[in-house]
Amino acid sequence: MPRSKPIRLLLVLAATVLVSSGCQSREAETTSLPAAPHSNSEWRLIGNNGYEQHFSPLTKISDANAGQLKLKWYADMPVRDGLVGVPLVADGVVYQSGPLGLVFANDLRTGKLLWSFDSGIKFPLGVIPAWGSRLSRGLAILDDKVFRATGDCRLIAIDRTSGKKVWEAQSCNPDEYRTITGAPRVGDGKVFIGNANADSGVGRGFVDAYDANTGKRLWRFYTIPGDPSQGFEDKAMEMASKTWGKEYWKKGGGGSVWEGITYDPRTDLVIIGTDGSIPPSPLDRGEGAGDELFTNAIVALKADTGEYVWHYSTTPGDGWNYAAAMPVILADLKIDGQARPTVLSAPKNGFFYVLDARSGKLLNQPKPIARVNWASHVDMATGRPVKLPDAEWWNKGPEGVVVFPYTMGAHNWMPMSFSPNTGLVYIPVSEAGSRISTDPKFMIGRVDVDIYHSKTHGGPFKGKLVAWDPIKQEPRWQHDLGAPYQGGTLATAGNVVFQGTTEGQFRAYSADRGEPLWSFDTGSAILGGASTVEVDGEQIVLVAAGSGTTASVGFMQQYSGGAGGPPRLFAFSLQGKATMPPLQPPPGAMPEPPAPRPVAALALKGKAVWDATGCELCHGFKVIGGPGSVPDLRRIGAARLGLFPQIIRGGLLTPLGMPDYREMVSEDDLPALRAYVLEQAWLEYDSQKRSKDAD
Ligand code: HEC
């Protein structure tokens with residue numbers, strides 16, 4: 001695939017559905033939880049127990065005393081971009097993955113850095129692996145090893161005592177527009193990993209399984225079919241090929257497994273979640289296409305062989321990029337009086353699904369967790385969504401359609417948790433819409449990623465923490481939050497739910513009723529989930545934080561006025577005595593940008609180049625940069641602006657992670673691109689001046 005292919009960055013769209021907020025008195029009907037695979041002093045898997053429930057049986061911190069939680073310690077992480085993985089713990093050591101392929105081991109009792117591992121990512125890399133290299137959603141621990149995947153597509157096993165590499169495997173090819181931002185998962189002596197292509201429109205999604213001890217690849221499962229003339233890998237691909245329409249293999253790709261992979265110990269199946277199909281418009285894909293298997297699906301594979309077992313398509317024949325790639329939760333639920341092994345999924349499309357873990361069948365009527373306007377409901381007879389023609393923007397004029405959920409989804413990758421005690425799923429929900437239109441002038445990949453705009457769409461634009469009853473398919477309680485994009489959740493047997501916010505608050509609620517119990521201002525944006533362990537009789541809650549556009553926080557936080565504090569790891573307990581130093585003040589007023597102010601028409605032309613080449617992946621939408629390693633280009637200054645051609649097309653800053661764009665941005669495009677960047681600086685300067693004058 002030529003590197004010059006423009007990237008069609010697509011985010012997620014979501015819609016919302018109204019959920020009534022009735023209160024139920026009935027206890028949820030659940031059967032017992034699987035034993036945690038290790039003691040309460042450890043948190044080895046991203047979701048703690050083998051069901052990826054992000055649940056802890058610890059009770060020392062409870063709804064009765066959580067209000068007295070204090071900071072035990074904080075550790076400044078030696079990186080510039082935020083951390084978003086769930087902190088793992090084994091043998092008194094906290095493990096965290098950082099940007100640029102780093103892994104950190106900190107002492108659980110003091111926060112002291114014990115060792116750091118550098119996976120040696122080498123720039124220059126293409127745009128997508130360069131972006132992915134700044135974002136890692138976490139680690140996995142099995143026995144004496146900790147596993148991480150890297151932005152340049154490697155899976156690495158590290159000895160968790162010495163911090164030295166044990167083995168390394170190349171799972172995908174970064175030159176094929178691929179990167180790994182997801183956390184590896186472990187189970188059955190294997191390590192599982194997929195990859196992302198940031199909706200670049202190329203490549204087939206796949207998931208790999210490796211022997212945890214040796215690093216030998218055991219199997220690979222492709223999620224979408226390739227060119228039939230090359231032969232199909234398996235029967236599942238042959239079946240899937242019949243759902244993609246005419247000459248589909250020449251049109252695009254999709255089905256990335258970019259985060260959700262869960263090993264199910266009950267069935268010995270690996271449950272994966274897949275991304276949508278690309279290009280985003282059904283009109284640009286195979287003519288006469290059907291469901292486009294296995295995109296936007298939950299798929300179950302045999303752990304031993306990677307053989308297909310079942311799938312459930314959440315958004316077949318998608319036009320809104322409603323990925324189902326987010327992590328699922330495994331739970332044993334009593335439905336219609338019968339105990340069932342279930343898989344719980346809240347994909348981007350806004351519905352909540354309870355599937356039979358053995359067959360993938362719907363066990364109850366999916367209901368929306370946020371506003372949804374692309375489908376009226378899911379038909380229980382067919383298991384399919386009933387789509388609404390009004391949401392089919394590809395059949396509408398250039399004014400487009402405002403679709404709910406927005407492009408980031410009603411729920412994205414941030415961990416949801418499940419408490420077997422309350423029977424509730426705690427979901428970080430986005431309630432917002434996006435305008436999508438066929439007018440390429442102001443759209444990226446035909447999706448309006450200017451989510452700020454969404455505020456003017458007339459619908460809601462906010463986050464919510466929702467405690468969802470998966471049996472009744474309705475909320476038990478919910479709280480509105482600021483920005484739509486919010487942190488993952490942790491549930492405990494102490495009847496507490498923890499959640500961090502983009503605005504930097506780390507909060508506790510009672511799990512059964514949602515009463516706010518405690519809140520701590522960390523000053524740094526939080527997106528990842530928290531973990532909790534007990535050591536020396538003390539229960540400690542851990543959460544990582546920090547900003548940076550590449551951690552997908554920056555742009556949200558710009559819009560929400562969110563926290564811009566440094567990347568930090570926090571530990572809280574009832575006995576904590578630490579204090580935080582005062583936070584650095586935010587950057588001062590914008591200096592006057594270099595003159596002359598660019599011509600509007602040229603700047604508008606430059607916006608199209610900016611959007612088409614994926615600059616916003618790192619520099620933010622509309623050039624609004626967040627704190628972190630990537631500079632805010634609106635503060636660039638005349639000297640650096642003078643080097644614009646050398647920076648964009650000369651590789652001047654490639655050793656520092658700024659991609660070389662000589663194949664994607666032409667010589668002729670440079671003045672327009674430069675004008676767009678400069679115009680955004682002027683716009684910000686003017687608006688700051690206006691608000692100062694108004695004071
Ligand atoms: C993969 C992430 C990434 C992408 C995508 C990206 N950049 Fe950068 N860019 C960087 C990083 C990192 C730096 C800072 C390097 C350093 O530390 O000096 C940078 C620096 C720059 C600078 C110099 C700023 C200064 O103050 O020195 C300019 C100009 C720039 N980028 C423009 C662009 C444009 C235009 C695009 C799209 C065509 C783009 N970048 C896409 C990561 C990225």
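How do the residues of the shell around the ligand divide into nonpolar, polar and charged? The legends below take that up for a predicted model.

**View 1. The shell around the ligand, residue by residue.** In this predicted model, 25 residues surround the ligand. Sorted by class, that shell comes out as 19 nonpolar, four polar and two charged residues. If you want the closest ones, look for Cys615, Cys618, His619, Arg640 and Met658.

**View 2. Zooming in on His619 and Arg640.** Both residues belong to the closest set around the ligand, and each has a side-chain atom to look at here. For His619, a polar side-chain atom sits 2.8 Å from a ligand nitrogen. For Arg640, an N or O atom of the side chain is 2.2 Å from an oxygen atom of the ligand.

**View 3. Helices and domains around the ligand.** Four helices each put at least two residues into the shell: α1 (127-132), α4 (600-613), α5 (616-619) and α7 (644-649). Step back to the domain level, and the ligand lies between domain 1 (55-573) and domain 2 (600-694), because both of them give residues to its shell.

**View 4. The pocket that holds the ligand.** The ligand takes up the space of the second largest pocket, which has a volume of about 730 Å³. Its lining counts 35 residues, and Pro631, Leu653, Leu656, Gly657 and Met658 are the closest to the pocket centre. Met658 turns up again here, having also been listed among the residues closest to the ligand. Helices α4, α5, α7 and α8 (670-694) are the elements that give two or more residues to this lining.

**View 5. What the pocket wall is made of.** Go round the lining of the second largest pocket and you'll find 25 nonpolar residues, along with five polar and five charged ones. Domain 1 (55-573) and domain 2 (600-694) each contribute at least three residues to this wall.

**View 6. A cavity from the whole-structure search.** Scanning the whole structure turns up seven cavities of 30 Å³ or more. Shown here is the second largest cavity, with a volume of about 60 Å³. It is lined by 14 residues, and Ile46, Arg137, Glu259, Trp413 and Pro415 are the closest to its centre. By class, the lining of this cavity splits into six nonpolar, four polar and four charged residues.

Terms used: Residues numbered from 1 in each chain as written. Predicted model: local features only at pLDDT ≥ 70, side-chain atom pairs only at ≥ 80, totals over all residues. Heavy atoms only, no water. Near = heavy atom within 4 Å. Polar contact = N/O pair within 3.5 Å; in protein donor to acceptor, adjacent residues only side chain to side chain. 1 Å grid on protein atoms, 1.4 Å probe; cavity = no way out; pocket = protein on both sides within 12 Å on 5 of 7 lines; lining within 4 Å. Sits in = over half its atoms within 2 Å of the grid points. Nonpolar A, V, L, I, M, F, W, Y, C, P; charged D, E, K, R; others polar. Domains from an automatic or database assignment. Points joined across faces, edges and corners; volume = space filled by probe spheres on them.
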